[in-house]
Every structure is written in structure tokens, then in C-alpha cells.
Amino acid sequence: MNELRDLSQPLAPDDSYLDHIERETEARAATAAGWESEFTGAPDSSSRALAENIDELSDDLVGLLHTIHGLAETAFEEHASAAAIADLVASHGTTVERGVYGLDTAVWATTGAGNGRTIAILAEYDALPGIGHGCGHNLIAACAVGAFLSLAALHRANPDAVPGTVVLLGTPAEEGHSGKELMAREGAFDGIDAAIMVHGYGYDCADQVWLGRRLLDVTFKGVPAHASAQPFMGKNALDAAALFYQGLGLLRQQMPPISRLHAVVSEGGTRPSIISELAQVKCYVRSKYPETLKELSARVEDVAKGAALMTGTGVDIRWDEHAPSLPVRGNDALTKRWALHEEKRGRHPVPAGVLDESIAASTDFGNVSYRIPGIHPLLKTADSEVALHTREFAAAAASDDAEAATRDGAYGLACTALDFLVDDALAAEVVAEFQRAGGAIDVPNYFN
């Protein structure tokens, strides 16, 4: 007879699915075609100079990585982290503006000759409450600053080597708040032709799926009554919340497999003897494409209305307390340049389709990528089974592997940015590809 497990403790999750994903990823990576680009990019002499600059900056960049990791400031509270970035950039002779585009903890600086295209290198530096840098934004910041400072040093040594303009843009509040969208609405990306950034991960990946995400608050309004003496005189808001939660579960079978719904009942009543007058459900709605995210949003709203009809309760449906995030639209021409530069550092970024797309999160960089061309590659900084938003990933974000990734990521971003500024044919294809994919959309009004 099987012994009953200890029901005082949760059952440990089965990791066999992750084991299969890792084996399948390795098999696909082994057969993936090598990276090639039809464009020449910047001269090799410039790439070598950028590598030398990053070697000289290594101590500063690793120091910044650990400083921001230790600060672990949450969204909109990244005052010391933003100051650490601004102070380091200023110490290398570049003027920095703080508190730009409506956010106190945003940072802005430029370098380059200013006579051509403009590319932005984006930094994130907010942490997760209670976990710290479980998404590795300290790495994102250190890579972006390293790329910018190496390009600034190249420009000082040879002004003609960096045509156009490179913008370092520090973007606060990615975690749950879509800081980039808030900055975009204040003009942060006006006049910028492309944007690039890099994110830590369990793999080196040139292009991975990032889902669009919307936030939904549903409040059901009932009629309180004594749950024993006169339950028939009540309208139970908690019943409505339970039906809505169950309805989301039933909806999952009829939505695209890559789409995601997750919810919590944040309020359900005051005590068992009172029919609940108020109940609230907070929900995340995610999908791979803007169109499917919009369609799924409408279906979720219908489920909420149906729960209210079934229970005789009122319902208040509020979308997007914080700005929604769109999926990330990559740019193949830029991605190939990134991957080739990372191969020079001994890394082998896998192309799109190698990693299982079911392991997908969201980022406000998606909102940028539907305004202008951009890329959001991933750098291996942790073991493949270590998930983002965990304490284990937070520890990895301050490891030796993270220090190496900082140098490699800074080099890849710097070289990719310079390629875009120098190579007219590459830049033309970047823009043409963006237009073929549908061009810019009206992000603020897309879901209206």
C-alpha cells in the first residue's frame, strides 16, 4: 500500500518537463545553422578598439554590476541605482541628465558625432520586491553602460569613427509598471531610429519569444446578508469571483497554447458568517501577438461579465492600471550582427525557434519594438533550469558568470550599435524589415 505523503507540506514540482526541454533545446541548437550577415558593419579596427575599451572599463562595469545588485531598488525607487549609473558615466567625461521624460529615476546621455542616425542603448535597474535582482536588471544596466562608455571612448579617440548619435537611456520600473511606455509617451523615443538592449537568462539566445501583457482588476459588488439567518437576501461577490476564476481556467483550453492567464483573489470578504459584499480578482493576460492579446482581453472581459450575470452582482472591470506591454518584435538584420559579435567572445547564441517558446515572460521593451526597430537578446548568466524571478537567479546575477556576461554583453551592444550607425545598407534593411513587419503602431491607443 502506498503511504500517504506528508500533507502538511506541498508536493515538490516534477521537473521532468524541464529536462525534456533542455534535451530538445540542445538537439535543436546542435543542428542550427551558423550565423551569417550580408552586411559588413563597422570596420574591424573599430571593433578591436571597442574590445580594448571594455577591457579597460572592466573594473568599473563589474563594480556597477555589484553595486546595483546590492541596492536592489524596486520600481520608481531606483534613486541610488540611477545615481550610480549617472556618476560613473559622468566620471568618464560625459554629461548626464537625470530625471528625464517624466520619471525621477530615468537617465539620459549621448555620444557620437551627431551627423547621422541615432541608436539608443537601454538600461534597466529595478529589482523585485522581496527577491532582489531575480531578473538580473543589474546586468542589463552594466552591459548598457559598458557599451555606451566604450563608444564614447572610441569617439574621443577618433570622432569620425562614431557617426550619428548613441543615446544611453536609463529606463526605470520595468517590473510590472512599463516604465518605457511611460517614457515613450513623454517623447523618449522621438528621433531615435533603433533601440537595443540585452537581458540575462539561462541560455545565450539571439531572439526569444516575449509575450505581451495586460493587467486587469475585476471588482464584484454584492449585497451583504447573514449567511445563516437570511442568505437568500444576499448577492455573493465571492461567488462571482470564484466563478470568474473558474471561467478563466475553462477558457485556457480554447485559447492559443502560448497565451497565458493567471489570477489571484485579492479580496473575498470579511468573515464566513456574512455574504461577501465585495470581492476583487487581479489578473494578468498574456499572448504572443498584439492581435491575439486584444482578442483574449475581450474574452476575459466577457467571462467577468458572465460571472456577474450568474450571481446577480455588479462588476467593475478596469484594464491596465499600469501601461500594458506589447510582445517583442525582433529585427533579424540587427540580431545577426549581435550574434556574430557574441561569437567573437566565445558565445554561441541560438536563433529563434531553438528555445521552447512556452518558457516565455513579458517586457516593456515590446512597446519600444512596435515604435522603432529593436532587439532584445539574452545572455547566459545562470544554469538553464534556473528561472527568472527567483532567488536563485538573483544570486546568479552577481556571480562570476554575470561578470563575464557584463563584458561580453557590453561588447555586443557596442559593436551592434556602431554597425547600425556606420553601415548604410544595414540600416536601410533594418528599417525596411521593420516596415515589412507592419511598421509602427499607435501603442497608447492600441487596446482602446
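Domain bounds in these legends come from an automatic or database domain assignment. The model shown is predicted.

**Figure 1. The two assigned domains of the predicted model and their separation.** Domain 1 is assigned to residues 30–210 together with 328–445, whereas domain 2 takes in residues 212–319. Taken over C-alpha atoms, the centres of domain 1 and domain 2 are separated by 38 Å. At the junction, 10 residues of domain 1 are in contact with 8 residues of domain 2.

**Figure 2. The span annotated in UniProt as "domain: Peptidase M20 dimerisation".** The annotation comes from an unreviewed entry and covers residues 217–306. Within this span, helix accounts for 36% and strand for 26%. The C-alpha atoms at the two ends of residues 217–306 lie 15 Å apart.

**Figure 3. Packing of helix α2 against helix α11.** Helix α2 comprises residues 44–71, and its axis comes within 9 Å of the α11 axis, with a crossing angle of roughly 140°. Helix α2 is therefore oblique to α11, and the crossing of the two helices is right-handed. From α2, the contact draws on Ser 46, Ser 47, Leu 50, Ala 51, Ile 54, Ser 58, Leu 61, Val 62, Leu 65 and His 66. From α11, the partners are Ala 402, Glu 403, Thr 406, Arg 407, Ala 410, Tyr 411, Ala 414, Cys 415 and Leu 418. By class, the residues of this contact between α2 and α11 are 12 nonpolar, 5 polar and 2 charged.

**Figure 4. Packing of helix α8 against helix α11.** The axes of α8 (residues 332–344) and α11 (residues 400–422) come within 9 Å and cross at roughly 135°. The two helices are therefore oblique to each other, and the crossing of α8 and α11 is right-handed. Helix α8 contributes Leu 334, Arg 337, Trp 338, His 341, Glu 342 and Lys 344. These residues of α8 meet Asp 408, Gly 409, Tyr 411, Gly 412, Leu 413, Cys 415, Thr 416, Asp 419 and Phe 420 in α11. The residues of the contact between α8 and α11 comprise 6 nonpolar, 4 polar and 5 charged.

**Figure 5. The crossing of helix α11 with helix α12.** Helix α12 spans residues 424–436, and its axis comes within 5 Å of that of α11 at a crossing angle of roughly 100°. Helix α11 is therefore roughly perpendicular to α12. Asp 419, Phe 420 and Val 422 of α11 make the contact with Asp 424, Leu 426, Ala 427 and Val 430 of α12. Sorted by class, the contact of α11 with α12 has 5 nonpolar and 2 charged residues, with no polar residues.

How values were computed. Residues are numbered from 1 along each chain as its sequence is written. This is a predicted model: local features need pLDDT of at least 70, side-chain atom pairs count only at pLDDT 80 or more; totals for chains, interfaces and linings use all residues. Side-chain values use heavy atoms; hydrogens and water are left out. Axes are lines fitted to C-alpha atoms, for helices over the stretch in contact, and angles run from 0 to 180 degrees between N-to-C directions. Helices (H or I, at least four residues) and strands (E, at least two) are DSSP runs, numbered from the N terminus. Angles under 35 degrees count as roughly parallel, over 145 as roughly antiparallel, 65 to 115 as roughly perpendicular and the rest as oblique. A crossing is left-handed if the near helix is turned anticlockwise from the far one by less than a right angle, and right-handed if clockwise. Contact means heavy atoms within 4.5 Å. Ala, Val, Leu, Ile, Met, Phe, Trp, Tyr, Cys and Pro count as nonpolar, Asp, Glu, Lys and Arg as charged, and the others, Gly among them, as polar. UniProt positions are given in the numbering used here, feature names are shortened, and annotations may be inferred rather than shown by experiment.
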